[in-house]
Amino acid sequence: MLQIVKYPHPTLRHKSKPLQRVDGEIKKIVDEMFDLMYGQNGIGLAANQVDLPYRLFIINTEADPQKGQGYVFINPLIGRRSGTVEAEEGCLSFPDVYAPVKRSEKIHLSAYNLAGEEVNYQLDGLLARAVQHEYDHLDGVLFIDRLSPTGLLSVKQALSDLELEFQAVRRRGAIPAEEQIAARLAELESLRT
Ligand SMILES: [Zn+2]
């Protein structure tokens, strides 16, 4: 059973390596990730956010399984970027935290889908923004890292609250120690990357 980890869980800072193959277990993980994402009305979710060190993320900009398109991007690469646009972002690992983030307006994305086929897209709008946000997750980069000083100040209290909550959950024994998390991620990666 997967669950979404919240800031400042260490897996959110893990830089994932490319997957070597797509198999039934990855498909099952992706299904569970879609359930979790739709359950929280999210538009994107990266594997790091469910405590897995895999280079994949999912997106549906409609946040609804009956609408829009559910994308799975495996081993993605962002190519040519152009323009800059700022808009408010949130993240399922940061409940109730929203702040404006500057992103490229248009991007080229290549990736693999669940069938193991290479796909290429020229993206703009919300889909381009969501892809850049999720792509950052795979490198251990979070949207709070890209805020202006003013933006960061505006979420400072909310971040402190999340940090306190995380420490409380960890004291209850519900989150393993740093070394245990690192060892588990390394073991999973050694099997698949
Ligand atoms: Zn996020």
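Strands, in the sense used here, are DSSP runs of E covering at least two residues and numbered from the N terminus. In this predicted model, asparagine 75 lies in strand β3, and its phi is near 45°, a positive value in a residue other than glycine. Because its relative accessibility is 18%, and buried means under 20%, asparagine 75 counts as buried. A second positive phi, near 65°, belongs to aspartate 96, a residue placed in strand β4; at 68% relative accessibility, however, aspartate 96 counts as exposed. Most residues other than glycine have a negative phi, and most peptide bonds are trans. The peptide bond that joins tyrosine 7 and proline 8 is cis, with omega at about 0°, and proline 8 is found in the segment before α1.

Between β3 (71-91) and β4 (94-112) runs a loop that holds leucine 92. Leaving aside residues up to four places away in sequence, leucine 92 touches Ile4, Met37, Gln40, Gly42, Gly44, Leu45 and Gln49.

Leu45 also appears in the largest nonpolar core, which has 21 residues, and there Met33, Leu45, Leu52, Tyr54, Leu56 and Ile58 touch the most other members. Two or more residues of this core come from each of α1 (24-39), β2 (56-59) and β3, with α1 providing the largest share, 7 residues. Apart from this core lies another, of 17 residues, which includes Ile59, Ile107, Leu123 and Val131. In soluble globular proteins, nonpolar side chains tend to be buried together. Tyrosine 54, not counting residues up to four places away in sequence, has contacts that include Ser16, Leu19, Ile26, Leu138 and Arg192.

How values were computed: Residues numbered from 1 in each chain as written. Predicted model: local features only at pLDDT ≥ 70, side-chain atom pairs only at ≥ 80, totals over all residues. Heavy atoms only, no water. Helix = DSSP H or I, 4+ residues; strand = E, 2+ residues; numbered from the N terminus. Contact = heavy atoms within 4.5 Å. Core = buried A, V, L, I, M, F, W, Y, C linked by side-chain atoms within 4.5 Å. Buried < 20%, exposed > 50% of the residue type's maximum accessible area, 1.4 Å probe, protein only.
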